[in-house]
Amino acid sequence: MINKTGLVFFPAFDWSISDIHPEREERLLYTRDQIFEEGVLDLPEIVEYSPRVATPHDISRVHFCVPNVDDQVLAAHRIAAGAAMRLSDRIINKEITNGFAIVRPPGHHAMRVVHGNRGFCSINNEAVVIEHLRRTYGIKKIAIVDTDVHHGDGTQDIYYHDPDVLFISFHQDGRTLYPGTGFTDELGGPTAYGSTINIPLPPGVTDKSLHYVVDNLILPVLQDFQPEFIINSAGQDNHYTDPLGSMLITAQGYAQLTEKLRPNLAVLEGGYAIETALPYVNLAILLALAGKDYSNVTEPDYQPGKNVENSKVTEYVCRMVDSLQTTWRKSKEITIDQLCGSNKYYQRPKNIFYDTEYFEEKQLEKVRTCFDCPGYVIIDSHAIQPKLGRCRVLAISIHNRCCKKCIAEAWDAYQEAKKDYRYSYVYLQDKTEDTFITFRREDQSEWLTEG
Ligand SMILES: [Zn+2]
Ligand SMILES: [Zn+2]
């Protein structure tokens with residue numbers, strides 16, 4: 001059988017954040033031209049699909065949209081997530097070997113609770129796919145490798161307490177770039193310790209050090225985790241011409257990365273050099289996925305030997321890889337006891353900044369530290385949304401492998417919260433039943449979405 005690569009191209013030409021925003025309507029215009037000009041769609045290895053539309057239930061498997069899905073999610077978001085879902089279906093059904101969803105809006109900064117748009121993202125496209133794969137096909141272990149220049153903080157947030165989803169992100173160091181997170185000590189909560197791996201890179205990393213990281217850390221960790229499905233959050237803003245990042249990666253560097261990772265599904269995230277980088281990087285990745293020769297794909301201004309890495313950068317990256325290898329090996333021996341003693345819950349306060357609309361959310365996130373299952377998560381979240389005003393909600397998420405005791409406890413917590421006047425909305429996401437319930441205090445109404 002011939003290896004086939006699926007492509008969904010959804011440019012959302014009617015969606016943007018503002019006229020002067022880098023995530024704007026014409027972002028994929030040049031990529032479209034490049035794909036047509038190179039005749040890529042005529043290759044027998046590449047099959048184009050139309051997207052499907054993600055339903056409110058598909059989205060509610062991941063997110064607590066405040067107050068409701070329809071208040072936070074536009075058609076463009078539903079189609080971008082649906083495009084990735086469509087490819088994942090085709091991959092599982094073995095119609096294609098792998099796929100690339102070249103879509104916008106992006107998603108990796110969208111966290112579990114959604115009060116608005118942050119980092120250009122409203123819903124997390126990759127997470128919608130993961131929950132779909134788990135629910136529809138019973139896939140257990142999934143890995144996401146985030147290769148965008150920005151830390152995939154939304155994806156990390158969603159899977160921080162989930163031992164079945166490995167999240168690996170390399171990105172420009174959070175001390176030098178939005179969103180300011182993704183450090184080496186962020187390793188996952190007590191029930192999922194070691195299933196988050198962050199690789200913060202100093203500005204000025206070239207293909208050389210990037211591939212050192214891939215060969216010596218990312219591939220061995222993936223090998224060890226043995227995922228059944230690999231998703232690449234394929235952000236192209238590590239490119240040397242990108243206006244937001246300060247990295248020096250080339251289209252060839254990205255294509256080789258794709259060849260090594262062998263993702264089942266790549267989903268476009270960032271990439272803001274829309275003429276000089278994005279069309280070339282996207283094309284090179286697509287060819288690499290399809291197993292075609294990509295060696296001729298070069299940027300118009302590319303000069304061999306122009307991007308030189310400072311030796312201090314090289315040494316820094318080597319040392320970090322060394323130390324992360326040790327952390328990864330040791331993480332398996334660390335127990336829940338060691339991480340949070342005899343406490344019933346592990347908890348952490350979080351302040352989340354919505355940069356697009358300029359407001360802050362305050363959260364207290366608690367995880368039941370169960371020895372028999374991954375536990376359930378309770379999030380007390382408070383924000384003053386610009387459009388809807390003050391909103392405090394309680395959101396409870398039950399992992400699909402939760403034990404009976406945890407499920408009962410989580411349902412009790414939901415019933416208790418319904419009586420608590422402080423919460424305008426109370427949500428329960430029960431992944432064991434694929435049920436999502438919303439309670440609205442104002443009129444004491446309660447409704448349910450089912451798959
Ligand atoms: Zn980015
Ligand atoms: Zn349990």
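Q: Does H150 count as buried or exposed?
A: This is a predicted model: local features need pLDDT of at least 70 and side-chain atom pairs 80 or more, while totals for chains, interfaces and linings use all residues. Residues are numbered from 1 along each chain as its sequence is written, chains are lettered from A and ligands numbered from 1 in written order, and side-chain values use heavy atoms, without hydrogens or water. Buried means under 20% relative accessible area, exposed over 50%, partly exposed in between (1.4 Å probe, protein chains only). H150 has 6% relative accessibility, so the verdict is buried.

Q: What is the arrangement of the four donor atoms around the zinc ion (ligand 1)?
A: Donors are N, O and S atoms within 2.8 Å of the metal (3.2 Å for Na, K and Ca); water is not among the atoms, so sites may look incomplete. The protein donors here are D148 (OD), D148 (OD), H150 (ND1) and D237 (OD). Their angles run from 53 to 151 degrees, so the arrangement is irregular.

Q: How many residues apart are H150 and D237?
A: The zinc donors follow the spacing D-x1-H-x86-D. H150 sits in the loop between β6 and α6, D237 in the loop between β9 and α8; the separation is 87 residues.

Q: Within what arc do the buried residues of α10 fall?
A: Helices are DSSP runs (H or I, at least four residues), strands likewise (E, at least two), numbered from the N terminus. The buried residues of α10 include V313, V317, L324 and W328. They line one face, because their directions from the helix axis fall within an arc of 125 degrees.

Technical notes: The arc is that of the directions from the helix axis to the C-beta atoms. Four donors count as tetrahedral if all angles lie between 85 and 135 degrees; four count as square planar and six as octahedral if opposite donors are over 155 degrees apart and all others between 65 and 115; anything else is irregular.
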